[in-house]
Every structure is written in structure tokens, then in C-alpha cells.
Amino acid sequence: MNDIFATYESEVRSYSRTWPAVFDRALGSYLYDEDGTPYLDFFAGAGALNYGHNNPLLKKKLIEYIERDGVTHGLDQATVAKRDFLATFNEKVLQPRGLNYKTQFPGPTGTNTVESALKLARKITGRESIISFTNAFHGMTLGSLSVTGNSMKRGGAGIPLVHATPMPYDDYFDGQVPDFLYFERMLEDSGSGLNEPAAVIVETLQGEGGINSSRPEWLRGLYDLCQKHGILFIVDDVQMGVGRTGPFFSFEEAGIQPDIVCLSKSIGGYGMPLATTLIKPEHDVWEPGEHNGTFRGNSPAFITAAEAFRQYWSDDALERSTLAKGERVGQVLAEIAEEHGGAIAKGRGLARGLGFEDSNVAGKVSKAAFDRKLLLETSGPSSEVVKVMPPLTVSDEELEQGLQVIRDSVKSVLA
């Protein structure tokens, strides 16, 4: 039956090539193929499954909602499900962090929230140019591609990607150039040719770009620079938000309050499509219907999202657990890197990576892990980093099991 996919599905498919199995069931940290073979999942839907597969706490609320014929498709109409989402999100997430945002539902995916953020920043400022960063990834539609660094992804656009200027991400010059020396000089030099930017868009930890984690002081410096020059500050927290780095938002450690925050992936709780764009109230200058989308109101995802806020963000237990598990992953990856020269451990929280000088190694490690029934993806401009992103709900036993597979897989490839 595998021939069905090769025969009828587009050549654009990718993950099914990396992991040649036909999956049928999923629960917690495991996917099961059609023969019932379990695969430990250290990919978590590219960060869309922070609470694991088919989380029973969320599933219960979802089934209840569906069985009572709750609204499934609601556009942006007022619904009980949306009201519960907004109220619970503010009570459990925003208010405890001293954050005041209006919530926009721009469409169901990460690139939708990025597109709305870019569009709104241009409307607010009347400027066109957006500053992005080397090795950034923000989505696959034309606006978000324009602020993405990967040349292969950009090439798929088929047209010039304009009105965006890349700047060096944290430690791009290996500490040899002071932070923002180049960017600030370009801003202040009337002869630089840099168009006055509407906004900066940044990931505090670049997932697809190679698990590149920025320092809190670098983020604060960037935020202060934007404040000084009247540039809006957008954080793309699509993959690294909702607890992936420990705190709910990946920028909390830096003590900043972005003008706009992009969320998707795990915001829906259950892996169903949902995206939000968080906007400081003074920047909410949209006209009614100026930005919309048929599937911007995914009510079942509102249900599971609100329940996830109640279950996991009423206290700091998940945050503390994620930080502790992340430290354990980092420790093991550092040990592996020390054992095998030329490797480097990267990341924070439960977004970790193992980078290799030889860009062919990471893919081979991913394949060796799959052969041992562990799902690991690669990232980075040359796919040179093994990406370790289990569900935040992974048990200590499952974590150790997966880490041992990573040890064995690296050893088998580099032996």
C-alpha cells in the first residue's frame, strides 16, 4: 500500500520520505504504525504537539463539545468556545505575566499569523521594509518567505522576494563583531541605503534555522534599538512558544514586551490548526474585515486550547518540568559532543540540537534513530543539526530511552 503515496501524492512530500512507515495511532509520546509498532516521537509535530499526541485531558473536552453539536466552523462570529478561549488565555497566561494584548485570529497556521503581523506593522507605520535575521524561518507564503533565510525555501517562490532586509542573528560573527554594530550604523547613516524599517521580526530561538538560541541580553539590546528608532518589534513564537523553552513565551527570560507576537502550532493544544496574532492595544488599527480568512475560527481548537491553559498553565509545574528535562537533554548532548569531536550541543528548554561539522552526519543519525524506532528530525541551512523536540509531557523514562537511542545512533554513524 506504500505505492499509493508514491502514485497519488505530490513529490513535495518530505517527512514520509524521512520516516518510511505508515502510521495509524498515536498517544502521548508515541506514534504507532499500522502493524502496531511503537515509535518514540522526539519531533512532536514540529512543535505542534507540546502536550503530546491525543492528550486524554484535552480529548475528553473535545469529544464532549463535538457530541453536543458545538459550533465547528464559526468564521469570526462570537461563540461560546471563542469566549472561553479569550477569557482563559487572559486569566491563565497574559495577566500573570503582566501582558496586555488584543488577540487576532488570522487563519489556522503559522504563516497566517506572520503575514498578518507584517501587514499590520506596515499599516501602523506607513513603511514597507521589514528587518529579519540570518537563518530565520517564518513560513512558506510570500510575505513570510521574504523574511526567511533558507535559500531553497526562498527559491520556491518563483518571484523576487522584496521589502525585507536580513541582519546578522546573535553570534553570527562568532563574537568578533559587537552586537548590532552593523544594524545600528546602517540605521543612523543616511547614505547606507537601508529603507526605514516598519518592524523587526525575530525568533528568540531559531528552530528550523539550526537550533540557534539568542542570549537574553541580545534580545534586550535589539528591543531597545527598536524602541530608540521607532521600529515595531515582532516575535515569531510559532514553534518556540507555548512552553517549548520553559516559560509560556520564549521571550519572557529577556524581560521584554513585543509589540506583536505570532503564535500557532501548540496554541490549539491538541494539534488542530489554530493561530493567533497578539497585538498591543494601541497598535490594533485594523478596519473590520481588513484581514480575514475562512478558517480563522477553529472552534474545536478553542476548546482544547482553553482546557490546556487550565490544566498546564494554572501554576508553574510544566515550566519547571520542561526546564529540568531540558537540562538533562543538554547534559547528554554535551556528553555526546565531547565524545565525538566536531559536534556541538545547542538550544534551551526542550528545543535542543546536536550540530555536526560534516553536514551529512545529522541525516544519517536521524535514519539510524528511525531504525531504532525513534523519530528525530534535522534542521539548519544544510540539515547539519539533529533536532531534539519531544512533547513537554514526555516522561523521565521515555526521555532516557530516547537519549540512549541518540547515543547509540551517533555512535553507529561515527564509529
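In the predicted model, Asp 69 is exposed, with a relative accessible area of 67%. Asp 69 lies in the loop that joins helices H4 and H5, and its phi is positive, about 60 degrees, although the residue is not a glycine. Positive phi values also occur at Ala 44, Lys 373 and Gly 126, as described below.

Helix H5, which covers residues 80–94, has 15 residues and should span 21 Å at 1.5 Å a residue; its end C-alpha atoms are 20 Å apart, in agreement with that value. Its buried residues are Ala 81, Lys 82, Phe 85, Thr 88, Phe 89, Lys 92, Val 93 and Leu 94. The elements covering these buried residues include helix H4 (56–67) and helix H11, together with strands S4 (102–104), S11 (260–263) and S12 (276–279).

Phe 89 of H5 is also among the residues with the most contacts inside the largest nonpolar core, which has 80 residues. The others in that group are Val 202, Leu 222, Phe 248, Phe 249 and Ile 406. Helix H11 (residues 299–312) gives the most to this core, contributing 7 residues. Phe 249 touches Phe 89, Val 93 and Leu 94, and its further contacts are Arg 97, Leu 99, Asp 237, Val 261, Leu 263 and Leu 278, with residues up to four places away in sequence not counted. A second, separate core comprises 17 residues, including Val 114, Leu 118, Ile 234 and Val 238.

Val 114 and Leu 118 are among the buried residues of helix H6, along with Gly 110, Thr 111, Thr 113, Ser 116, Ala 117, Leu 120 and Ala 121. H6 comprises 16 residues, 110–125, for which 1.5 Å a residue gives an expected span of 22 Å; the end C-alpha atoms are 23 Å apart, which agrees. Gly 126 follows H6 and has a positive phi, near 75 degrees.

Leu 222, listed above for the largest core, takes part in the packing of two helices. Helix H9 (residues 181–188) and helix H10 (residues 216–229) pack at an angle of about 5 degrees, and their axes are 12 Å apart. At that angle H9 is roughly parallel to H10. From H9, the residues in contact are Phe 183, Glu 184, Leu 187 and Glu 188; from H10, they are Leu 222, Leu 225, Lys 228 and His 229. By class, this contact consists of 4 nonpolar, 1 polar and 3 charged residues.

Leu 49 is located in the loop between helix H3 (44–47) and H4. With 12% relative accessibility, Leu 49 counts as buried. Its C-alpha atom is separated by 8.6 Å from that of Pro 390, although the two residues are 341 residues apart along the chain. Not counting residues up to four places away in sequence, Leu 49 touches Ala 44, Ser 266, Tyr 270, Gly 271 and Pro 391. Of these contacts, Ala 44 is found in helix H3. Ala 44 counts as buried, at 0% relative accessibility. Its phi is near 55 degrees, a positive value in a residue other than glycine.

In helix H13 (residues 361–371), the buried residues are Val 361, Ala 362, Val 365, Ser 366, Ala 368, Ala 369 and Phe 370. Lys 373, just after H13, takes a positive phi of about 70 degrees.

Notes:
Residues are numbered from 1 along each chain as its sequence is written. This is a predicted model: local features need pLDDT of at least 70, side-chain atom pairs count only at pLDDT 80 or more; totals for chains, interfaces and linings use all residues. Side-chain values use heavy atoms; hydrogens and water are left out. Axes are lines fitted to C-alpha atoms, for helices over the stretch in contact, and angles run from 0 to 180 degrees between N-to-C directions. Helices (H or I, at least four residues) and strands (E, at least two) are DSSP runs, numbered from the N terminus. Angles under 35 degrees count as roughly parallel, over 145 as roughly antiparallel, 65 to 115 as roughly perpendicular and the rest as oblique. Contact means heavy atoms within 4.5 Å. Ala, Val, Leu, Ile, Met, Phe, Trp, Tyr, Cys and Pro count as nonpolar, Asp, Glu, Lys and Arg as charged, and the others, Gly among them, as polar. A nonpolar core is a set of buried Ala, Val, Leu, Ile, Met, Phe, Trp, Tyr and Cys residues joined through side-chain atoms within 4.5 Å. Buried means under 20% relative accessible area, exposed over 50%, partly exposed in between (1.4 Å probe, protein chains only). The expected span of a helix is 1.5 Å times one less than its number of residues.
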